[in-house]
Amino acid sequence: MSAPSPAVTCDQCAAACCRLEVRCLTETGVPPHFTRRDAWGAVVMKRLDDGWCAALDRDRLRCRIYEQRPLLCREFAMGGPECLIEREAAWSNN
Ligand code: SF4
Ligand code: SF4
């Protein structure tokens, strides 16, 4: 596995990873109005029509439920392989 890129920070990113489907695998205290059940009955973060997570502060591009965010969000490594892929995809869509 490659090491996280030290040059990458969330401060210079438009929350690219907050458009991914996020399953709430454990109880972390996510307010229920930010979640929904998917077709398989799993609890997932609700996303708005444009794909952004409903818990994202759209003005500041910061998580509004940072302390209660799902496990998958906690484990998403800044500068890691998935982060770099999402950032690249966000750039190519702009
Ligand atoms: S973890 Fe990566 S993709 Fe997500 S906001 Fe931070 S820099 Fe952007
Ligand atoms: S819960 Fe927070 S960190 Fe996770 S996708 Fe939504 S806004 Fe991003």
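**Notes on a predicted model with two ligands**

1. Ala-15 is buried, with a relative accessible area of 10%. That label applies because buried means under 20%. Please keep in mind that this is a predicted model. Ala-15 belongs to the segment before β1. Its backbone deserves a look too. Phi of Ala-15 is near 50°, a positive value in a residue other than glycine. Most residues other than glycine have a negative phi. Ala-15 is also one of the residues surrounding ligand 1.

2. Leu-61 has a positive phi as well, near 55°, and is not a glycine. Where does Leu-61 lie? Leu-61 is in the loop between β3 (56–57) and β4 (62–63). Is Leu-61 buried, partly exposed or exposed? Leu-61 counts as partly exposed, because its relative accessibility is 25%, and partly exposed runs between 20% and 50%.

3. Arg-60 sits in the loop between β3 and β4. Arg-60 is exposed, because its relative accessible area is 57% and exposed means over 50%. Check its place against Ile-85. Arg-60 and Ile-85 are 25 residues apart along the chain. Their C-alpha atoms are separated by 22 Å.

4. Gly-79 is buried, with a relative accessible area of 1%. Look for Gly-79 in the loop between α1 (71–75) and α2 (81–92). Its partner for a distance check is Arg-19. The two residues are 60 places apart along the chain. Their C-alpha atoms are separated by 17 Å.

5. Now the first ligand. Which residues surround ligand 1? The shell holds Val-8, Thr-9, Cys-10, Cys-13, Ala-15, Ala-16, Cys-17, Phe-76, Met-78, Cys-83 and Arg-87. By class, the shell around ligand 1 has nine nonpolar residues, one polar and one charged. Thr-9 is the polar one, and Arg-87 is the charged one. The space taken by ligand 1 is the largest pocket. Cys-10, a member of this shell, counts as partly exposed, because its relative accessibility is 46%.

6. Next, the second ligand. Ligand 2 is surrounded by Cys-18, Met-45, Cys-53, Ala-55, Leu-56, Cys-63, Ile-65, Pro-70 and Cys-73. How does the shell around ligand 2 divide into nonpolar, polar and charged residues? It has nine nonpolar, no polar and no charged residues. Cysteine counts as nonpolar here, so Cys-18, Cys-53, Cys-63 and Cys-73 fall in that class. The space taken by ligand 2 is the largest pocket.

7. Cys-18 is worth following further. Cys-18 lies in the segment before β1 (35–37). Cys-18 counts as partly exposed, because its relative accessibility is 24%. What does Cys-18 touch, leaving aside its neighbours within four places in sequence? Cys-18 is in contact with Gly-51, Trp-52, Cys-53 and Leu-56. Two of these contacts, Cys-53 and Leu-56, also help surround ligand 2.

8. Cys-18 and Cys-63 both belong to the shell of ligand 2. In sequence, Cys-18 and Cys-63 are 45 residues apart. In space, they are 8.5 Å apart, C-alpha to C-alpha.

9. Last, the cysteines as possible partners. How many disulfides does the model have? The count comes to zero. The rule asks for a pair of cysteine sulfur atoms within 2.5 Å, so no pair in the model counts as a disulfide. Cysteines do appear around both ligands, including Cys-10 at ligand 1 and Cys-18 at ligand 2.

Definitions and conventions
Residues numbered from 1 in each chain as written. Chains lettered and ligands numbered in written order. Predicted model: local features only at pLDDT ≥ 70, side-chain atom pairs only at ≥ 80, totals over all residues. Heavy atoms only, no water. Buried < 20%, exposed > 50% of the residue type's maximum accessible area, 1.4 Å probe, protein only. Near = heavy atom within 4 Å. 1 Å grid on protein atoms, 1.4 Å probe; cavity = no way out; pocket = protein on both sides within 12 Å on 5 of 7 lines; lining within 4 Å. Sits in = over half its atoms within 2 Å of the grid points. Helix = DSSP H or I, 4+ residues; strand = E, 2+ residues; numbered from the N terminus. Contact = heavy atoms within 4.5 Å.
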